[in-house]
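The following paragraphs lead through a protein model, from its strands to a loop and then to a pocket. Please keep the sequence and the coordinates at hand while reading.

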Amino acid sequence: MTAYVPGITETDLKKIVLAIQQLAAGRSNAVGSVTLTTGASSTTVTTANCAVGSVPILVPASANAATEVGNGTMYVSAVANGAFTITHANAATAGRMFLYAVVG
């Protein structure tokens, strides 16, 4: 669920309060989903809220994704401004879908 982000020059107090309420309710623009690329050993996730020093948190959202985690063959191998990379098994297994949140 996305959150409203008021502009730096916003003066409408109702919009500012709305943004704070949404943050307090757990809304975030730093979340998404990714499906690991089949037949490749890495998948790059492009997301505007990622930066050097951010921590991507991955949660399996399918049985095949949970199996990938259980195999111990995947990890976040790079974090950059605007993207992070997941290194994983080079498999023909489709449907390895994850939900993610980028913190920091």
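Which residue in β6 is the bridge partner of valine 59? The model examined here is a predicted one, and in it the bridge partner of valine 59 is leucine 99. The strands concerned are β3 and β6, the latter comprising residues 97–103, and they pair in the antiparallel sense over six bridges.

This pairing belongs to a wider arrangement. β3 and β6 are joined by β1 in an open sheet of three strands, whose order is β1-β6-β3 and whose pairing is antiparallel. The edges of the sheet are formed by β1, residues 31–35, and β3, residues 55–60, each of which pairs on one side only. On average, and with direction ignored, neighbouring strands of this sheet are turned by 30 degrees against each other.

Attention may now pass to the segment that leads into the sheet. The loop between α1, residues 13–24, and β1 contains glycine 26. Glycine 26 counts as exposed because its relative accessibility is 57%, where the cut-off for exposed is over 50%. Between glycine 26 and leucine 36 there are 26 Å in space, C-alpha to C-alpha, for a separation of ten residues in sequence.

A final feature is the largest pocket, which holds about 150 Å³ of space. Its lining includes Ala3, Tyr4, Val5 and Pro6, together with Ala19 and Leu23, and further Arg27, Ser28, Asn29, Ala30 and Asn49. By character, the lining residues of the largest pocket comprise seven nonpolar, three polar and one charged.

Methods. Residues are numbered from 1 along each chain as its sequence is written. This is a predicted model: local features need pLDDT of at least 70, side-chain atom pairs count only at pLDDT 80 or more; totals for chains, interfaces and linings use all residues. Side-chain values use heavy atoms; hydrogens and water are left out. Two strands pair if DSSP finds at least two bridges between them. Helices (H or I, at least four residues) and strands (E, at least two) are DSSP runs, numbered from the N terminus. Axes are lines fitted to C-alpha atoms, for helices over the stretch in contact, and angles run from 0 to 180 degrees between N-to-C directions. Buried means under 20% relative accessible area, exposed over 50%, partly exposed in between (1.4 Å probe, protein chains only). On a 1 Å grid over the protein atoms alone, a cavity is a set of points where a 1.4 Å probe fits but cannot get out, and a pocket is an open set with protein on both sides within 12 Å along at least five of seven lines; lining residues have an atom within 4 Å of a point. Grid points are joined across faces, edges and corners, and a volume is the space filled by probe spheres set on the points. Ala, Val, Leu, Ile, Met, Phe, Trp, Tyr, Cys and Pro count as nonpolar, Asp, Glu, Lys and Arg as charged, and the others, Gly among them, as polar.
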